[in-house]
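Biologist: Before we talk about any single residue, could you show me how to read a model of this kind, feature by feature?

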Amino acid sequence: VRDGDLKLANGDRVAKDPELFDLSQDPEESKNLAGEREADVKRLTALYDAWKKDFPPTPWGGGRKAKK
């Protein structure tokens, strides 16, 4: 997820911790700011979740959960 100069890479959320980069200061994405900027991680995660919620379920388990 990108918002301004910030980029959140969230991996699969199970095996990988989120990574946050300020691309204006670190275009090579070498310094993970997630531990220092937890509020930005939460905000960008919420943006991603809002965007993803309307996706249909996928055969491999991504997207939102199927209704029973």
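Modeller: We will go through confidence, the sheet, the core, the charged pairs and a few single residues in turn.

Biologist: How should I take the confidence values, and what is the mean pLDDT of the protein?

Modeller: The general idea is that where pLDDT is low, the predicted coordinates should not be read in detail. This is a predicted model, and the mean pLDDT of the protein is 85, with 81% of its residues reaching 70 or more. When the confidence is taken by element, it is lowest in α1, at a mean of 91, and highest in β3, at 96.

Biologist: Turning to the strands, in which order do they lie in the sheet, and is the pairing parallel or antiparallel?

Modeller: A sheet is read by asking which strand pairs with which, and then which strands lie at the edges. Here 3 strands form an open sheet in the order β1-β2-β3, and the pairing is antiparallel. The edge strands are β1, covering residues 2-3, and β3, each of which pairs on one side only. Between β2 and β3 there are 4 bridges in the antiparallel sense, and for the register one can look at A9, which stands opposite E19 in β3.

Biologist: Which residues make up the largest nonpolar core?

Modeller: In soluble globular proteins, nonpolar side chains tend to be buried together. In this model the largest nonpolar core has 7 residues in all, namely L6, L8, L20, L33, A34, V41 and L44. The elements that give two or more residues to this core are β2 and α1.

Biologist: If I take L44 from that core, where is it placed, and what does it touch?

Modeller: L44 is in helix α1, and it counts as buried because its relative accessibility is 0%. Leaving out residues up to four places away in sequence, L44 touches V1, D3, L6, L8 and L20. A further link across the sequence is given by the C-alpha atoms of L44 and R2, which are separated by 7.8 Å although the two residues are 42 residues apart along the chain. Seen from another core member, L8 is in contact with V1, P18, E19, L20, V41, L44 and T45, again leaving aside its neighbours within four places in sequence.

Biologist: How many salt bridges does a search of the whole structure find, and how should I read one that involves K7?

Modeller: Side chains of opposite charge can pair when their charged atoms come close. A search of the whole structure finds 7 salt bridges. One of them joins K7 and E29, with the closest N and O atoms 2.9 Å apart. This pair links distant parts of the chain, since K7 lies in strand β2 and E29 in the loop between β3 and α1, 22 residues apart. Both partners fall between the limits for buried and exposed: K7 counts as partly exposed at 26% relative accessibility, and E29 counts as partly exposed at 30%.

Biologist: Which residues are linked in a network of salt bridges, and what part does D40 play in it?

Modeller: The network links D3, D22, R37, D40 and R43. D40 itself is in helix α1, residues 38-52, and forms a salt bridge with R37 in which the closest N and O atoms are 2.9 Å apart. The side chains of D40 and R43 also meet in a salt bridge, at 3.3 Å from N to O; these two residues are separated by about one helical turn because they are 3 residues apart in helix α1.

Biologist: Is D40 buried or exposed, and how do its partners R37 and R43 count?

Modeller: D40 has a relative accessible area of 16%, which is under the 20% limit, so it is buried. By contrast, R37 is partly exposed at 29%, and R43 is partly exposed at 35%. Not counting residues up to four places away in sequence, D40 touches L6 and L20, two residues that also belong to the largest nonpolar core.

Biologist: As a last case, where is N10 found, and which residues does it touch?

Modeller: N10 is found in the loop between β2, residues 6-9, and β3, residues 19-22. N10 is buried, with a relative accessible area of 14%, and, not counting residues up to four places away in sequence, it touches K16, P18 and T45.

Conventions: Residues are numbered from 1 along each chain as its sequence is written. This is a predicted model: local features need pLDDT of at least 70, side-chain atom pairs count only at pLDDT 80 or more; totals for chains, interfaces and linings use all residues. Side-chain values use heavy atoms; hydrogens and water are left out. Buried means under 20% relative accessible area, exposed over 50%, partly exposed in between (1.4 Å probe, protein chains only). Contact means heavy atoms within 4.5 Å. A nonpolar core is a set of buried Ala, Val, Leu, Ile, Met, Phe, Trp, Tyr and Cys residues joined through side-chain atoms within 4.5 Å. A salt bridge is a side-chain nitrogen of Lys or Arg within 4 Å of a carboxyl oxygen of Asp or Glu. pLDDT is the predictor's confidence in each residue, from 0 to 100. Two strands pair if DSSP finds at least two bridges between them.
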